[in-house]
Amino acid sequence: MRKFTATTTAALLAGVGTAALATPALADGHESTVSVLHAVPGLTVDVYVNGEETVPDFEPGTLTDPLMLAEGSYDIEVYADGDDPESAEPAISAEGLAVPAGANLTLAAHLAEDGTPMLSAFVNDTSMLEAGQARLTVRHAAAAPAVDVRAGGSPVIEGLTNPNEEVLDLEAAMVSADVVLAGTEDVAIGPADLDLAEGTNTIVYAWGSAEDGTLDLAVQTIEGLHGDPGGVPSGQGGLSSSTGALTVLLMAGAAGAVLAGSRLVRREVA
């Protein structure tokens, strides 16, 4: 588990039984890369996959290192830390979440716009970038109304709502970004400096609650998108088909889960 930057994959894998999790070194075309983000403020939880405790003591604002999940169907249950699954009700659950082969996903536990805890499965764009380019993905996962995202004070994303995302391909650079309420100058989060390095997808999550004053940013970075036709993102399986992954997930019939990012919008930014 990590606070956005640390790496403790071995700890995450401890206790995994029949959930078919493996280290990235065992990745093949039948597996997907799955990261898990905890974006529900004020609640430490234990995450169970197919009945096995997979991510214990998961604290708000933390993101797991990538895990490899074999293609298949998974039941996800999130309990308050220390609760006994035999007697307690899960805080959030999703049954029959279908993980396709060859995808790169982030499963996020976060708040809906009205403050209700929910799960969203985001498909991460790992398609190759042109030389000198970087990718910025912004996801709205907060109990907050629509927002605009500004870079250097100018809006680059407008009217983004929970639980949606927008994807930009732009020149690699250091960017000072902030989040404002849509159509206003009222800063909700930031500013924060984002290092958009060449050949990376920097994924920024706005999470927390505006009403409770817990809004914050979480950042996930996927490297290795330099456009080498024979290459794949470092340590991860490439996303062979975003459309295919989305279709499979939509067919899962997951209860309590929401597929986000079904509309990927990419714009070139000068």
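The following paragraphs lead through the strands, nonpolar cores and salt bridges of this structure, which is a predicted model.

A convenient starting point is strand β11, which spans residues 133-143. Eleven of its eleven residues are buried, so the strand is largely enclosed by the rest of the structure. In a regular strand, side chains alternate between the two faces of the sheet. For β11, both of these faces are covered. One side carries Gln133, Arg135, Thr137, Arg139, Ala141 and Ala143, while the other carries Ala134, Leu136, Val138, His140 and Ala142, and all of these residues are buried.

The pairing of β11 involves strands β14 and β17. Strand β14, residues 165-171, runs antiparallel to β11 and is joined to it by seven bridges. Strand β17, residues 201-209, runs parallel to β11, and nine bridges join the two. Arg135 illustrates both pairings: Asp169 stands opposite this residue in β14, and Asn201 is its bridge partner in β17.

Attention now turns to another part of the chain and to the nonpolar cores. The largest core has 26 residues, among which Val47 and Ile76 touch the most other members. Strands β2 (31-39), β3 (45-49), β4 (52-58), β6 (67-70), β7 (72-80), β8 (92-99), β9 (104-111) and β10 (117-123) each contribute at least two residues to this core. A second core, separate from the largest one, comprises 19 residues, including Leu136, Val149, Val156 and Ala206. Leu136 belongs to the buried face of β11 that also holds Val138.

Four strands form an open sheet in the order β4-β3-β7-β8, with antiparallel pairing. Strands β4 and β8 are its edges, each pairing on one side only. From one strand to the next, the twist averages 20°. Within this sheet, four bridges connect β3 and β4 in the antiparallel sense, and Val47 has Val55 of β4 as its bridge partner. Leaving aside residues up to four places away in sequence, Val47 touches Glu52, Glu53, Thr54, Val55, Phe58, Ile76, Glu77 and Val78. Val47 therefore touches Ile76, the other residue named with it as touching the most members of the largest core.

The polar side chains add a further set of links, with five salt bridges found in the whole structure. In one of them, the side chains of Arg139 and Glu165 meet at 2.6 Å, N to O. This pair links distant parts of the chain, with Arg139 in strand β11 and Glu165 in strand β14, 26 residues apart. Arg139 counts as buried at 1% relative accessibility, and Glu165 likewise counts as buried at 4%.

Arg150 takes part in two salt bridges, one with Asp178 and one with Glu185. The side chains of Asp178 and Arg150 meet at 2.8 Å, N to O. Asp178 lies in strand β15 (residues 173-181) and Arg150 in strand β12 (residues 147-151), so this pair ties together parts 28 residues apart in sequence. For Glu185 and Arg150, the closest N and O atoms are 2.7 Å apart. Glu185 lies in the loop between β15 and β16 (187-196), so its pairing with Arg150 ties together parts that are 35 residues apart in sequence. The two acidic partners differ in their surroundings: Asp178 is buried, whereas Glu185 is exposed, with a relative accessible area of 62%. Arg150 itself counts as buried at 10% relative accessibility.

Finally, salt bridges that share partners join Asp125, Arg135 and Asp169 into one network. This returns the account to β11 and β14, where Arg135 and Asp169 stand opposite each other.

Notes
Residues numbered from 1 in each chain as written. Predicted model: local features only at pLDDT ≥ 70, side-chain atom pairs only at ≥ 80, totals over all residues. Heavy atoms only, no water. Buried < 20%, exposed > 50% of the residue type's maximum accessible area, 1.4 Å probe, protein only. Pairing = 2+ DSSP bridges. Core = buried A, V, L, I, M, F, W, Y, C linked by side-chain atoms within 4.5 Å. Contact = heavy atoms within 4.5 Å. Axes fitted to C-alpha atoms, helices over the stretch in contact; angles between N-to-C directions. Salt bridge = Lys/Arg side-chain N within 4 Å of Asp/Glu carboxyl O.
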